[in-house]
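Trainee: I'd like to go through the salt bridges in this one. Can we start from what the term requires?

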Amino acid sequence: MERKSPIFSAFIYVCALLLAAIILAPILWLFIMSISPAADLAAKPLPWWPQSADFSRYGVLLSTIENSAGAAFTSSLRNSIEVAGMATIAAIALAIPAGWAVSRTPSVGWSLSMVVSTYMLPPVALSVPLYMGLSYLGMLNNVFGLALVYLTILAPFTTWLMKSGFDSIPKEIEAAAMIDGAGLFQTWKIITLPLAMPVVATSALFAVLLGWDEFFYALLFTSDQRAKTLTVAIADLAGGRVSDYGLIATAGVLAALPPVLIGLVMQRALVSGLTSGGVKG
């Protein structure tokens, strides 16, 4: 077996630690700001750690008292979960058959390329027709309307990911199943979808993250707590003349928890999906 040099191994560990520090440092600073008293956040120079931790802001944002900052935040949290969840489920439901069709029929691959090319357009160019469409349907300031807008963003991206995943599954396996008498849906259920599940999980995770972090359309198409999402709610916290930076940091920490938890749960499937097709036997 090939032995690695101790110096090379130490170099790898140092690089990994530096990468972890670069990634985690902003998150750690966000948490420190969330528990720092207002006086510490206004001090010069800023202290690296507060003299006394203040967790009261978490209680403020998680409270359900009517017409409070907590009620607005929890309502926005629920809206974000609903919108991102509905858009992701619909996008995956469309992406699986569409990605498989493009993968197995290369002659129609141009259609996917054209759809994905819409990402080159700035969002503001699509805002007017989308606004007019939602207005005509009576779906402005509505979680279903916002999920429909997000679907137009997520469906091309997830279809492209699913197509790449299906490309790594040999067509001969499906052909063998059909020769043995399996129909198309049986082949999908028994052969194709189980092999493609890592890519499905990866696509779903990226779709959730895209829907969770979207701000521009949520700002345009929502006006109150019936449909306002977390990204807009956090921006509202910074919209006053006097901003409580600790409260904004607390909202950022709480908003980051759901996608982080989803990522930890789906970590194995994510790694498997990202490496799918990297090695073919």
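Mentor: Sure. A salt bridge is a side-chain nitrogen of Lys or Arg within 4 Å of a carboxyl oxygen of Asp or Glu. Keep in mind that this is a predicted model.

Trainee: So what makes K228 and D236 a salt bridge?

Mentor: Their N-to-O distance is 2.9 Å, and the cut-off is 4 Å, so the pair qualifies.

Trainee: Why is K228 called buried?

Mentor: Buried means under 20% relative accessible area, and K228 has 12%, so it counts as buried. Its partner D236 is partly exposed at 42%, because that value falls between the 20% and 50% limits.

Trainee: What makes R57 and D244 a salt bridge?

Mentor: The closest N and O atoms of R57 and D244 are 3.6 Å apart, which is within 4 Å, so the label holds. R57 sits in helix α3 and D244 in the loop between α11 and α12, so the pair ties together parts that are 187 residues apart in sequence.

Trainee: Which of R57 and D244 is buried, and which is partly exposed?

Mentor: R57 is buried, with 6% relative accessible area, whereas D244 is partly exposed at 35%.

Trainee: And how do you know that R104 and E174 form a salt bridge?

Mentor: Their closest N and O atoms lie 3.1 Å apart, so they meet the 4 Å rule. The pair links helix α4 to helix α8, 70 residues apart. R104 at 15% and E174 at 5% both count as buried, because buried means under 20%.

Trainee: How many salt bridges are there by this rule?

Mentor: The count comes to five.

How values were computed: Residues numbered from 1 in each chain as written. Predicted model: local features only at pLDDT ≥ 70, side-chain atom pairs only at ≥ 80, totals over all residues. Heavy atoms only, no water. Helix = DSSP H or I, 4+ residues; strand = E, 2+ residues; numbered from the N terminus. Buried < 20%, exposed > 50% of the residue type's maximum accessible area, 1.4 Å probe, protein only.
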